Amino acid sequence: MEKIKKIIYLIPFLMYISFFFLYGLYYVLMTSLGYNRILSKSYFTLDYYKEVLYSKEFLTSLIYTTKLNMISAFFAFILTVIILYLVFLSKRKGYFYGKSFQKVIEAPVFVPYLVGAYGVLLLLMRRGILNNVLMQLGVIKSVQEFPVLTNDYNGIGIIITYIWKALPFMTMMTLPIVFRVDKKWDALGKLYNLSNYQFFKKIVFPLILPTLSVSFFIVLTYLFASFETPYILGVTHPRVLSVSVFDMYAKGNLDTRGKIMVMNIMISVISLFFGGMISLALKFFSRYESREW
Amino acid sequence: MKKIFVGIVYFLISLVFLLPFIGVGLKSINFKMWEYVLLNEKTYLSLLSTFMVASIAMLINFLIGTPLASFMAREDFKGKKMIELLIILPLIIPTMVSTMGLQFAFIKLGLIETTLGVGIVHSVTTMPYYVQSMKAGYMTLSKDYINLGKILGANPIQRFFKITLPIISPSFLVGMSLVIIVSLSQYLVTFIIGGGQVMTLPILMMPYLSDGDMRNGTVYSIIYVLFTYFLVFLVGRLVKFIYRKSDRCR
């Protein structure tokens, strides 16, 4: 009786998630394998997979997506460490209280990607704000001298938006740890006569590395399926995976359904891979954590 | 001297973070644009449908996520790891994928291009956030309080609103705020299920933004951010209201 009572708590969730999430994934998988076709008879086939995996467009998209994500996450990682060091330093030396600075850095977390990308677009586009300011100051003489930073081939605008959003997230995750470490190990640092830089490098950094690397993979997972930013700031070729899937989907051609679903499966598989990395990183670092603290 | 130098460094870093805001803010200072947007009927309709979608997502999360979170925090059972994986799966696998798969089923169910349909897919996207934060709240809740409620003869619903919710209200607040923030920032799944018929704010704004429109886009962006904050504020007020009411009862 008690057992049944317990199951009642779980059943609504299990039903809901199977209906509105797992069924969707199942449908995607079956369509990618050739079932559920509307136009012709459905039978098992790997043609869609072959078609997608051999197509140059898909590979270009995949490489482009991965490149953008990796660069953004990597830069965000390095910049987070620098910001943490600055906050740490200002607290140590008592330059000024870091709270307002912290608030400023965390501000972009609550801004949707849509608005963030738009802000970057307004700022950096060829007739945008930065361009105007530079013209007024006389640094550049004509619009043509201003580099193309949005809707560009290398995706610089996209990378900037990603970093702008990822950096505050990473900082928010790790900043409490920095303060805690500082409080706890301060005496030890004094005992060994460590300079601020050495203290940060030898004590603070190793202790924030676990959280930082986990948030690095969280960012990678999230950005992999991010849509709004590349949609606003991207170019028609090469395109990010999610944008090209959406584009094929929005055209509404039933022939391409199978290919779309294959691309969806690829996105899911890669996301799962990043998810696995997160749990591995958590496991790997949790072994050390109990020892360090 | 050094202090000034450090101050300048901090100022520059802060500036980099705030620049996109400043750009949007500066460009929106134009009375005519505000007039156009505020007198437009579409703006209010989209605010209403955004609110409706977020409310449906919150309600579903509340009804399904709350018992789940309480159960996961208190009980230990076989297969718990599996359920935990299932909870965070919509975070890892993008809901864009599952939603594309759901589209056909939604057509058959008549949920396509309806506010309810969009609310359902938003609830799937936001559930991991809600359940995780509620779970953290339930972890801190001692079972004794609930047992005391049982002894005093309160039914489960009374126990939840008069004992549990006031104690874990911070986690509840975080969970609901996350649901609002995430639900309001969804574009793709809204478009797939809503088909452009369910005009939430992001759907209404997207054409302006992707064109780099310097006029209406900025005004809508500001409304968008303010509306998000407003909803979060509203939920906070509501939780405090429930809390105070139960305070009086005690």
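## Salt bridges in chain A

At 42% relative accessibility, A:Glu51 counts as partly exposed, a class that lies between buried (under 20% relative accessible area) and exposed (over 50%), with a 1.4 Å probe and protein chains only. This is a predicted model, in which local features need pLDDT of at least 70, side-chain atom pairs count only at pLDDT 80 or more, and totals for chains, interfaces and linings use all residues. Residues are numbered from 1 along each chain as its sequence is written, chains are lettered from A and ligands numbered from 1 in the order in which they are written, and side-chain values use heavy atoms, with hydrogens and water left out.

A:Glu51 forms a salt bridge with A:Lys259, at 4.0 Å from N to O; the term stands for a side-chain nitrogen of Lys or Arg within 4 Å of a carboxyl oxygen of Asp or Glu. The two residues belong to distant parts of the chain, 208 residues apart: A:Lys259 is in helix H11 (residues 257–292) of chain A and A:Glu51 in helix H2 (residues 47–54) of chain A. Helices here are DSSP runs (H or I, at least four residues), as strands are (E, at least two), numbered from the N terminus. A:Lys259 is also partly exposed, with a relative accessible area of 25%.

## Salt bridges in chain B

Over all chains, the structure holds 7 salt bridges. One of them pairs B:Lys80 with B:Asp76, whose closest N and O atoms are 3.9 Å apart. The partners differ in exposure class: B:Lys80 is buried at a relative accessible area of 17%, while B:Asp76 is exposed at 68%.

Another salt bridge joins the side chains of B:Lys135 and B:Glu84, with 3.5 Å from N to O. This pair connects helix H6 of chain B, which holds B:Lys135, with helix H4 of chain B, which holds B:Glu84, across 51 residues of the chain. B:Lys135 is buried, with a relative accessible area of 9%, and B:Glu84 is partly exposed at 25%. In chain A, salt bridges with shared partners join A:Glu57, A:Arg239, A:Asp247 and A:Lys251 into one network.

## Interface of chains A and B

The contact (heavy atoms within 4.5 Å) takes 68 residues from chain B and 68 residues from chain A. About 6,300 Å² is buried between the two chains, and carbon and sulfur atoms give 82% of that area. Buried area is the accessible area (1.4 Å probe) that two parts lose on being put together, summed over both. B:Tyr10, B:Phe17 and B:Met100 supply 13% of the area that chain B buries against chain A, more than any other three residues.

The rule finds 0 salt bridges across this interface. Polar contacts number 5 residue pairs, both residues being at pLDDT 80 or more. Such a contact is a pair of N or O atoms within 3.5 Å; within protein, one must be able to donate a hydrogen and the other to accept it, and residues adjacent in sequence count only if both atoms are side-chain atoms. On the side of chain B that touches chain A, the elements giving two or more residues include helix H1 (2–27), helix H3 (41–74) and helix H6 (115–140) of chain B. H1(B) gives the largest share, 16 residues. The residues of this side divide into 48 nonpolar, 15 polar and 5 charged, where Ala, Val, Leu, Ile, Met, Phe, Trp, Tyr, Cys and Pro count as nonpolar, Asp, Glu, Lys and Arg as charged, and the others, Gly among them, as polar.

## Selected residues

B:Thr218 lies in helix H11 (residues 216–249) of chain B and is buried, with a relative accessible area of 0%. Apart from neighbours within four places in sequence, B:Thr218 is in contact with residues of both chains: A:Tyr118, A:Leu122, B:Val24, B:Lys27, B:Ser28 and B:Met33. The C-alpha atoms of B:Thr218 and B:Pro166 are separated by 40 Å, with their positions 52 residues apart along the chain.

B:Gly195 is placed in the loop between helix H9 (188–194) and helix H10 (201–210) of chain B, and is partly exposed at 34% relative accessibility. Not counting residues up to four places away in sequence, B:Gly195 touches B:Glu113 and B:Thr190.

A:Thr171, in helix H7 (residues 156–191) of chain A, is buried at 1% relative accessibility. Beyond its neighbours within four places in sequence, A:Thr171 is in contact with A:Thr80, A:Ile83, A:Leu84 and A:Ile105.

## Confidence

The model scores ipTM 0.88 and pTM 0.89. Chain B averages a pLDDT of 87, and 97% of its residues score at least 70; pLDDT is the predictor's confidence in each residue, from 0 to 100. Where pLDDT is low, the predicted coordinates should not be read in detail.
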